[in-house]
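Biologist: I want the reasoning behind the labels, not just the labels. Can we go through them one at a time?

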Amino acid sequence: MARPYWSGHIQISLVSFGVKLFVATEAKSEIRFHQISRSTGERVRHQKVLASALEQAPDEAATPVEKDEIVKGYEYTKDQYVIIEPSEIANLRVPSKHTVEIQQFVSLDELAPEYLEKPYFVVPENDIQAEAFAVVRAALAKSKKAGLGKIAFSGREHILALTAAPGDERGMMAYSMRYQEELRKPAEYFSDIKKVAIDKDSLELAETLIKKRTAKFDPRKFTDGYEIALKELVDAKLKHLPIPKDEVVEPKRGQVINLMDALRKSVQDSEAPAGNAASKKKPSKSETAPLFPEHEEKSGLKLVRPSAKSAPNASRAAAKTTKGSAKRKSA
């Protein structure tokens, strides 16, 4: 098991128990780039040097400053600094460095996604703390609540939301949260959006489309297409193959499909939700399963004409409509 990111106590009124926090995410990217000189092919490294040395002799190599010689400084006036030693920062008097005091509880649906920052796994510090830990976890799960407190790490104090881990897991989850002032005001971005009248039929079709394409969330279906493209690029260079390039498909001119027609066609041609057996076909190693069917644009409700796969069905449907019209005319 990795080393805990933070160790301390959770305190709820008179109840206190020791916990350890572990970062719940990790970087999975396999592509790592270094900075290389184009002319020599050598790796470029950065060094910390005195600013005055660069100003006095910009063409000469400055002597690097040793790591233990570097401290923090607050510029209180031009080029004048208050020196702050690492030990002074380590000994800051901040109670939340050691104890998260739960100040209140909120319903889980009140935790707006834009406030959540980073997830952590929470486990009891040892077996002695397990009973209090388990009772609080069960109470949070049953009440569907999150406890809010503050925690200090990484050079600042964060809001922390403590919840029961989902499912049958025995642990808890903690989420560092953003402060209100860190979020930009949405009105600055949304106020200029043109107000439009919502057509009732279009809305019903859009709701039907969403319902048809609703499936249980499976994070394994989503892959990093940028990472795959980078691997293809590196592989092509190593094997001296043609460099793969982005292919921008220009939309065909002349055929205009209004929103109502686009929604109607999308509902008719929408594939079954991802939970069905037909969608569980495992993609080959050389291809990546798309996040959306090929006949669905990623830009929203401006969905287009059916794909080649659904074209025969569309033709049969059109033929039936034609035959039905002919019968009505003859009648």
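What follows is a short exchange on aromatic pairs, exposure and backbone angles.

Modeller: Keep in mind that this is a predicted model.

Biologist: How many aromatic pairs are there by the rule?

Modeller: The count comes to five aromatic pairs.

Biologist: Why is the pair of Tyr 5 and Phe 153 called edge-to-face?

Modeller: Their ring centres are 5.2 Å apart, and a pair needs centres within 6.5 Å. Their planes stand at 80 degrees. Edge-to-face means over 60, so the label fits.

Biologist: What parts does this pair tie together?

Modeller: Tyr 5 lies in the segment before strand E1 (6-12), and Phe 153 lies in strand E8. These parts are 148 residues apart in sequence. Tyr 5 and Phe 153 also form one aromatic cluster with Tyr 120.

Biologist: Why is Phe 153 called buried, and Tyr 5 partly exposed?

Modeller: Phe 153 has a relative accessible area of 9%. Buried means under 20%, so Phe 153 qualifies. Tyr 5 is at 38%, between that cut-off and the 50% one, so it counts as partly exposed.

Biologist: What makes the pair of Phe 217 and Phe 222 tilted?

Modeller: The planes are at 40 degrees, with the centres 6.1 Å apart. Stacked needs under 30 degrees and edge-to-face over 60. The angle fits neither, so the pair is tilted.

Biologist: How do you know that Ser 154 is exposed?

Modeller: Its relative accessible area is 52%, and exposed means over 50%. Ser 154 sits in the loop between strand E8 (145-153) and strand E9 (156-164). Its phi is near 55 degrees, a positive value in a residue other than glycine.

Note on methods. Residues are numbered from 1 along each chain as its sequence is written. This is a predicted model: local features need pLDDT of at least 70, side-chain atom pairs count only at pLDDT 80 or more; totals for chains, interfaces and linings use all residues. Side-chain values use heavy atoms; hydrogens and water are left out. Helices (H or I, at least four residues) and strands (E, at least two) are DSSP runs, numbered from the N terminus. Buried means under 20% relative accessible area, exposed over 50%, partly exposed in between (1.4 Å probe, protein chains only). Rings of Phe, Tyr and Trp (its six-membered ring) pair if their centres lie within 6.5 Å; planes under 30 degrees apart count as stacked, over 60 as edge-to-face and the rest as tilted.
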